[in-house]
Amino acid sequence: MADAMEEPRKDVLVHLNMLEMKANHLAVKQQEVWQVKVGREEQLNATLQALIIKRDQLKAELKANTSLQNLRTLLDKTNAPCERDVEDMENGSENSQTLLLMARHTQLKDLLHAHHLIGGYNVLLTKGKGVCVSIATAYEGLYLETYNLEINLQCKIRISRHNIPPFIPLETMVKQGNMQTDIRAFLDTLSQYLNAYVGRRQQLHLVKEIHNSVQVMESNALCTILVLMFTVPGEKARAALCTLEYNDHTQCLPTRVLIESEDTALASSPQWKKDQALLLETPVHRALVTLKKKGSIA
Amino acid sequence: MDQSMKRTLQRLIRRIPFQLLKTTLSKWAHILEEDLLLLDFTQPKCLFTENLLSLCEGKGTTVKHITELEMIYIIENPNQVMWRAFQLLDAREDAPSIELTQFKEQFKAHLTELNSHVSIKIKKHTDEAVWIRIAWGDNFTKPNHLKPTYAVHHLQTPYVFVTGLTVKHKPLLNQALVLTTRYGSIKDASLSGRNLVAIRDLLMRQYQQVFPTKHPKPLQEKNHVPTNPNIEKEQIENTENRLQMACEAFGDGTLPQLQKAVYQLETKFRDNSNRTLTGSDEPFRGVVEFTSTNLLESLRHAVSSGIASTPVTPLLSSITQKGRNYFVVTDKGV
């Protein structure tokens, strides 16, 4: 009898035990799901916040830009805006000061650009003896190095100090041009030479930066020779060596373009003739972009 | 490998400091990485050299390989020897168009024409410099690889830096250089030093020069000791002026590490209290030598701090303006 009572009781206990375990399991599972949900929510919230901040930033930038533009027009018109005008446009005084400075900066930059466009040099009197001329160089709208010459004017015009690189034949230019009578012409030649050099150097820099598949095999200090290696796609992809010679040192464009490849037919193919013409007419970094688009090089 | 080759390699290994041995040897293409593992770099040098020699014997090392190793060592560590600067003059019209392969071929051709018993090796280093190694010989002797001449030339520039050149071989090298670089002549630039990079930077003006501008940027060197603010306020214009002048004369930022400047005086002696010397027809000879770990920075500091007077005397500013560190001063001027 006692045994008969024991049996179902045991069963119930086992059953209860099982149920408890299931309940526990479920609770853990629910907890997990809930945590994932919370985590996701937090993530979304963070993204939202970041986006809001970015939007506010962009809005502020836009506002600053418009007010900068307005200020700039004002500056251009009046040459010196009175404080009141500025305050009308912006409330925060610190902000308006910065904006005014920025507007003035862009204005001066444009003026400087115009000055260089009409072929101006910055000339400064040095203490008693002579002048210091600075020649700014630029390529495709980007200002690069400024070179300086200290010129002694006492009896005969003489360059006393400069920071022009040693591979620029300054001595030859001094000898050939008549610096004594026409310093302007001398400076123009020098400026042209320097700008061309800086331009070629910048092109080389861009080739290295943009074109990973093109390998620069050789170049020199004056950037008058450039040997590039690239692959010409086809049934059998072949490596080709392209040599660009810049024999006119006052120009940014090559005077001679040659190609060498195992595939001897390549140099005489009509396709290459077209590519060659392109390389002769466009700066090398841009010509390479076109060639890649056309599929002439890989 | 014959005796003279063994001696050359031995001497070379002896020259290379122990801490540089491993890096130098690992760049030597003649020895493979596996071979390098066989060598024990903790051994004393004489034992190490013996092992290296026997290894090379097995590999069939030639003079070419040994000179290669020497060039690697000298190019990486140029400051172990004394360098002299030379300047090429009167560029011909085609001088800027010279290119490396042409230079190599023509230099070898020009020099062997003058002396057929030379061994020449030319190597382009990463920074555009062309390194030339010449071992000289003559009709009766083979090229002496123990005392080679090194010349470093940057293509398209008129400068050459030379070390280990004897008076006997100087005209030969000069002629070969002048012909190859397409210049008219060559002269001693009166600049020498152990630090090759420094004399190159000084001569090629590869340091930050300061020019007078309308919009001066703040100059770097400002290590003055704060004193009485009132005194400083009074002196501020003077101090800035001195700093500007110092930087215009010697440059801004880090300057080439020149270690020496020598002035050879050949001037008349002027001192009324000493009649014998003052009356003498012979010029008074003397040598003034400035030395420092970084002479230009010392001079700049002397000027900016007011120890040396401003404006800077041309005697000192000529070091940077003319790129020289040896001057002969006569009564007519520098």
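Trainee: How many residues of chain A are in contact with chain B?

Mentor: Good place to start, and keep in mind that this is a predicted model. Look at the chain B side of the contact: 19 residues take part there. Sorted by class, they are 8 nonpolar, 7 polar and 4 charged residues. Facing them, the number of chain A residues in contact is 21.

Trainee: Which helix of chain A gives the most to the largest nonpolar core?

Mentor: Let's see what that core holds. It has 82 residues, and those with the most contacts inside it include L194(A) and Y197(A) from chain A, along with A85(B), V160(B), F161(B) and I199(B) from chain B. As background, nonpolar side chains in soluble globular proteins tend to be buried together. The helix you want covers residues 183-210 and supplies 8 residues, and its name is α5(A).

Trainee: A85(B) caught my eye. Which residues does A85(B) touch, leaving out those up to four places away in sequence?

Mentor: Two of its partners, F161(B) and I199(B), are also listed with A85(B) among the residues with the most contacts in the core. Here is the list, with sequence neighbours up to four places away not counted: Y159(B), F161(B), A189(B), L191(B), S192(B), I199(B) and L203(B).

Trainee: At what angle do α5(A) and α7(A) pack?

Mentor: First find the residues that touch. Q203(A), L206(A), V207(A) and I210(A) come from α5(A), while V284(A), H285(A) and L288(A) come from α7(A). By class, these divide into 5 nonpolar, 2 polar and no charged. The axes lie 8 Å apart, and the packing angle is about 35°.

Trainee: Which residues of α12(B) are buried?

Mentor: Picture the helix at residues 314-323 of chain B. Its buried residues are covered by elements including β6, α8, α9, β7 and α11 of chain B. To count as buried, a residue needs 20 or more other C-beta atoms within 10 Å of its own. Those buried in α12(B) are L316(B), S317(B), I319(B), T320(B) and G323(B).

Trainee: Which residue in β4(A) stands opposite I151(A)?

Mentor: Start with the two strands, β3(A) and β4(A), which form a hairpin with 5 residues between them. They run antiparallel and are joined by 4 bridges. Opposite I151(A) you will find I159(A).

Trainee: What distance separates the centres of domain 1 and domain 2 of chain A?

Mentor: The domain assignment places domain 1 at 32-80 and domain 2 at 122-198, with domain 3 at 211-294. Taken over C-alpha atoms, the centres of domains 1 and 2 are separated by 47 Å.

Technical notes. Residues are numbered from 1 along each chain as its sequence is written. Chains are lettered from A and ligands numbered from 1 in the order in which they are written. This is a predicted model: local features need pLDDT of at least 70, side-chain atom pairs count only at pLDDT 80 or more; totals for chains, interfaces and linings use all residues. A nonpolar core is a set of buried Ala, Val, Leu, Ile, Met, Phe, Trp, Tyr and Cys residues joined through C-beta atoms within 7 Å. A residue is buried if 20 or more other C-beta atoms lie within 10 Å of its own, exposed if 12 or fewer, and partly exposed in between; C-beta atoms are placed from the backbone. Two residues are in contact if their C-beta atoms, placed from the backbone, lie within 7 Å. Ala, Val, Leu, Ile, Met, Phe, Trp, Tyr, Cys and Pro count as nonpolar, Asp, Glu, Lys and Arg as charged, and the others, Gly among them, as polar. Axes are lines fitted to C-alpha atoms, for helices over the stretch in contact, and angles run from 0 to 180 degrees between N-to-C directions. Domain bounds come from an automatic or database domain assignment. Two strands pair if DSSP finds at least two bridges between them.
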